[in-house]
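Reader: Hey, can you walk me through this structure? I'm new to this, so plain words please.
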Amino acid sequence: MFNLGLARPVGAFWSIGCAGQSREKRRQIRLVNQLMMLGFSLTLPYQVFFLLYDSSRLLSILLVNLIFMCAYVVGIWLNSVARYELARFVGVATTLTHLFVISFAMSAHIGAHLFYIPMAGMMVLLYSNRDFSHLLAQLGIPLLLCLICQFFFLHGISPVSLPEQVENLLYAMSIGLCVMVSGFVSYFYRSDTEHAEKEQDRIQAELLRLGGVDQLTQIANRRRLDEYLSIEWGRMRRQGRSLSVLMIDIDLFKNYNDLYGHQAGDDSLRDVASALNNIALRPGDLVARYGGEEFMIILPDTDDAGARRVGEQAREAVYKSAITHADSDVASVLTISVGTASMIPTAKAHQDELVKQADQALYLAKKAGRNCVKSACELMQAKEP
């Protein structure tokens, strides 16, 4: 609705007094500021019209409007000095009185009382009390004033009379501005709500990120791993697709720690995590630290052959990292053993069975001499007579 150049200063203006306040309080302060801004801004077109039409004859109306415009400015100032409740009272009282006085002075035929309708909706937002009696009062007061103006402040009996054609023109202008202010109020409130929701989403995402990241390796931690495995197990079950996991263990890591020290061990864990993360290319793949020197990769929509292929890529990636391991009887560099398991989830099966199969396949890889990849299918074949 606003271009960027106008939206920023306007947004800053209606946020006066919001600094350091809670989200709910900021919303209320902005609503009051918006009410003041609208009251001030919507009076200007009438002031211009009255000046151009007959300023000497309508001087009293011009002065009355000017007084109310000053009251709107005072309301914003009260917010800036943290007099929030008084600012809200001044804003509501000024608006209700302003519309009533102008309708009385110039008759309902100029349409000023129509602004009571969006005002009723704004009062519900300004007083966020869910009690039904309060809600009726918030809606009823402006609507009652609107009806009084409509049926008692008639053409021909008002202190300031205007030709009927002029009143019709003002009435049409009032309708247009009333529709516009209703749109503005809805836009302001929606913008504030969306901003609050985005901020909440950002905070939640940050909390999830901090709560789901292993601080040493900066990949997913065990908590995030368990959550993600549960999510993908359910999704693959619904779709009838295969889910694979890779259980990975650094070969002879205790020997490495004993020889090079724990700081070097931490560095090697980070290097291995980085190498594994680089081979998990699809958005749905997750690399996580399972615990200690063990890692796991979750591969949604991946069968046994695909899991073995990724497992081999993981093994090669770590091997090519060329992390020297002088106390290994497997190779002169740090290596990993990989166990893979694949399963199409069903209602009768459980995700723990998939992890168990991968763990058993990992044991098979270690038994086969380490620095290799074994799958749960091979384990089943070995058990067959």
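**Confidence first**

Author: Sure. This is a predicted model, and confidence is lowest in helix H1 (residues 4-14), with a mean pLDDT of 57, and highest in strand E1 (residues 243-250), at 97.

Reader: What does the chain average, then?

Author: The average pLDDT is 88, and 91% of the residues score at least 70.

Reader: And where is the pLDDT below 50?

Author: That's residues 1-6. Where pLDDT is low, the predicted coordinates should not be read in detail.

Reader: Ok, new topic. How many aromatic pairs are there?

Author: A search of the whole structure finds seven. In one of them, the ring centres of Phe-100 and Phe-153 are 5.1 Å apart and the planes sit at 75°, over the 60 degrees needed, so the pair is edge-to-face.

Reader: Where do Phe-100 and Phe-153 sit in the chain?

Author: Phe-100 is in helix H4 (residues 84-106), while Phe-153 is in the loop between helix H6 (132-152) and helix H7 (164-211). They are 53 residues apart.

Reader: Is Phe-153 buried or exposed?

Author: Phe-153 counts as buried, at 12% relative accessibility. Phe-100 is partly exposed, at 26%.

Reader: Switching again: at what angle do H9 and H10 pack?

Author: About 135°, with the axes 7 Å apart. H9 and H10 are therefore oblique to each other.

Reader: Which residues meet there?

Author: From H9, Phe-253, Tyr-256, Asn-257 and Tyr-260; they meet residues of H10 including His-262, Ser-268 and Leu-269. By class, this contact between H9 and H10 has five nonpolar, four polar and no charged residues.

Conventions: Residues are numbered from 1 along each chain as its sequence is written. This is a predicted model: local features need pLDDT of at least 70, side-chain atom pairs count only at pLDDT 80 or more; totals for chains, interfaces and linings use all residues. Side-chain values use heavy atoms; hydrogens and water are left out. Axes are lines fitted to C-alpha atoms, for helices over the stretch in contact, and angles run from 0 to 180 degrees between N-to-C directions. Helices (H or I, at least four residues) and strands (E, at least two) are DSSP runs, numbered from the N terminus. Angles under 35 degrees count as roughly parallel, over 145 as roughly antiparallel, 65 to 115 as roughly perpendicular and the rest as oblique. Contact means heavy atoms within 4.5 Å. Ala, Val, Leu, Ile, Met, Phe, Trp, Tyr, Cys and Pro count as nonpolar, Asp, Glu, Lys and Arg as charged, and the others, Gly among them, as polar. pLDDT is the predictor's confidence in each residue, from 0 to 100. Rings of Phe, Tyr and Trp (its six-membered ring) pair if their centres lie within 6.5 Å; planes under 30 degrees apart count as stacked, over 60 as edge-to-face and the rest as tilted. Buried means under 20% relative accessible area, exposed over 50%, partly exposed in between (1.4 Å probe, protein chains only).
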